[in-house]
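Student: I have a protein structure open on my screen and would like to learn how to read it. Could you walk me through it, one feature at a time?

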Amino acid sequence: MAGGVRPLRGLRAVCRVLLFISQFCILSGGEQSQALAQSIKDPGPTRAFTVVPRAAESTEIPPYVMKCPSNGLCSRLPADCIDCTTNFSCVYGKPVTFDCAVKPSVTCVDQDFKSQKNFIINMTCRFCWQLPETDYECTNSTSCMTVSCPRQRYPANCTVRDHVHCLGNRTFPKMLYCNWTGGYKWSTALALSLQVQVGVHVQLTVGLP
């Protein structure tokens, strides 16, 4: 009889251990579930992320392109279409050559009609304001009226013509002679005044006895 009681006591001990383990698992699982539920309710401080849109690539055509003939000779391009490495130490009035390159979006060719980016231009060593009057255009002043001698001058802004190459700024101020009087150019007014004077002289001469 004693031999049969011992196995029962051992079985009871095993059952108690298993019961303890199962309760412990249940309790620990409940705590984890509560912690998980709490984290879902209160996620804590959040971080905001700002999405920066990618800048769109510019497809605008530079304004100088309108002055640049497509597939023309590079050496004949207007000055606004090229960038040149100039040398201000050249001898004034002497021929000089400069290395040039076309600006972006400008296409040109060489003498053999092959596409070209870098080339050489030949010009005379002088600043833009030293050019002859035929190589630049200036603003006119119609309010500058005078027939006095010496003729008066007025301040004007002058711009070099597109096909002319020179050193320095292509736009520059210059004092020019007043060329307008009473709405007429100075030369026209001078011619009219001479005609009037000649006519008066002839009338006076004819009227003499």
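Tutor: Gladly! Let's begin with a pair of charged side chains: Lys 67 forms a salt bridge with Asp 80, and their closest N and O atoms are 2.8 Å apart. A salt bridge means a side-chain nitrogen of Lys or Arg within 4 Å of a carboxyl oxygen of Asp or Glu. Before we go on, please keep in mind that this is a predicted model: local features need pLDDT of at least 70, side-chain atom pairs count only at pLDDT 80 or more, and totals for chains, interfaces and linings use all residues. Residues are numbered from 1 along each chain as its sequence is written, and side-chain values use heavy atoms, with hydrogens and water left out.

Student: How many salt bridges does this rule give?

Tutor: The count is two. In the other one, the side chains of Arg 161 and Glu 137 meet, with 2.7 Å from N to O. This pair links distant parts of the chain, 24 residues apart: Arg 161 is in the loop between β8 (153–160) and β9 (171–177), while Glu 137 belongs to strand β7 (residues 136–138).

Student: What do labels such as β8 stand for?

Tutor: Helices (H or I, at least four residues) and strands (E, at least two) are DSSP runs, numbered from the N terminus. Here the chain has two helices and 11 strands. Reading along the sequence, you meet the pattern α-β-β-β-β-β-β-β-β-β-β-β-α.

Student: Are the residues of these salt bridges buried or exposed?

Tutor: Buried means under 20% relative accessible area, exposed means over 50%, and partly exposed lies in between (1.4 Å probe, protein chains only). Lys 67 counts as partly exposed because its relative accessibility is 42%. Asp 80, at 25%, is partly exposed too, and Arg 161 falls in that class at 30%. For the whole chain, buried residues make up 22% of the 209 residues.

Student: What is the exposed area of the chain, and which atoms supply 60% of it?

Tutor: Accessible areas come from the Shrake-Rupley method with a 1.4 Å probe; for residues, only the protein chains shown count as cover. The chain exposes about 16500 Å², and carbon and sulfur atoms supply 60% of that.

Student: Now for the inside. How do I read a nonpolar core?

Tutor: A nonpolar core is a set of buried Ala, Val, Leu, Ile, Met, Phe, Trp, Tyr and Cys residues joined through side-chain atoms within 4.5 Å. The largest one here has 19 residues, and those touching the most other members are Leu 77, Ile 82, Val 102, Val 106 and Phe 119. Two elements, β3 (95–102) and β6 (118–124), give two or more residues to this core. The most come from β3, which gives four.

Student: Which residues does Ile 82 touch?

Tutor: A contact means heavy atoms within 4.5 Å. Leaving out residues up to four places away in sequence, Ile 82 touches Leu 77, Cys 100, Ala 101, Val 102, Lys 103, Phe 119 and His 165. Let's look from the other side: His 165 lies in the loop between β8 and β9 and counts as buried because its relative accessibility is 18%. Beyond four places in sequence, the residues that His 165 touches include Leu 77, Pro 78, Ile 121 and Met 123.

Student: How many disulfides are there in the whole structure?

Tutor: A disulfide is a pair of cysteine sulfur atoms within 2.5 Å, and a search of the whole structure finds six. One of them joins Cys 74 to Cys 108, with 1.8 Å from S to S. The torsion about their S-S bond is about 90 degrees, so this disulfide is right-handed. Both Cys 74 and Cys 108 are buried.

Student: Could you show me some others?

Tutor: Of course! Cys 90 and Cys 125 are joined at an S to S distance of 2.0 Å. Their torsion is about 80 degrees, so that link is right-handed. Cys 90 is buried at 17% relative accessibility, and Cys 125 is buried at 4%. A further disulfide connects Cys 128 with Cys 166, at 1.9 Å from S to S. Cys 128 lies in the loop between β6 and β7 and Cys 166 in the loop between β8 and β9, so this pair ties together parts that are 38 residues apart in sequence. Both Cys 128 and Cys 166 are buried.
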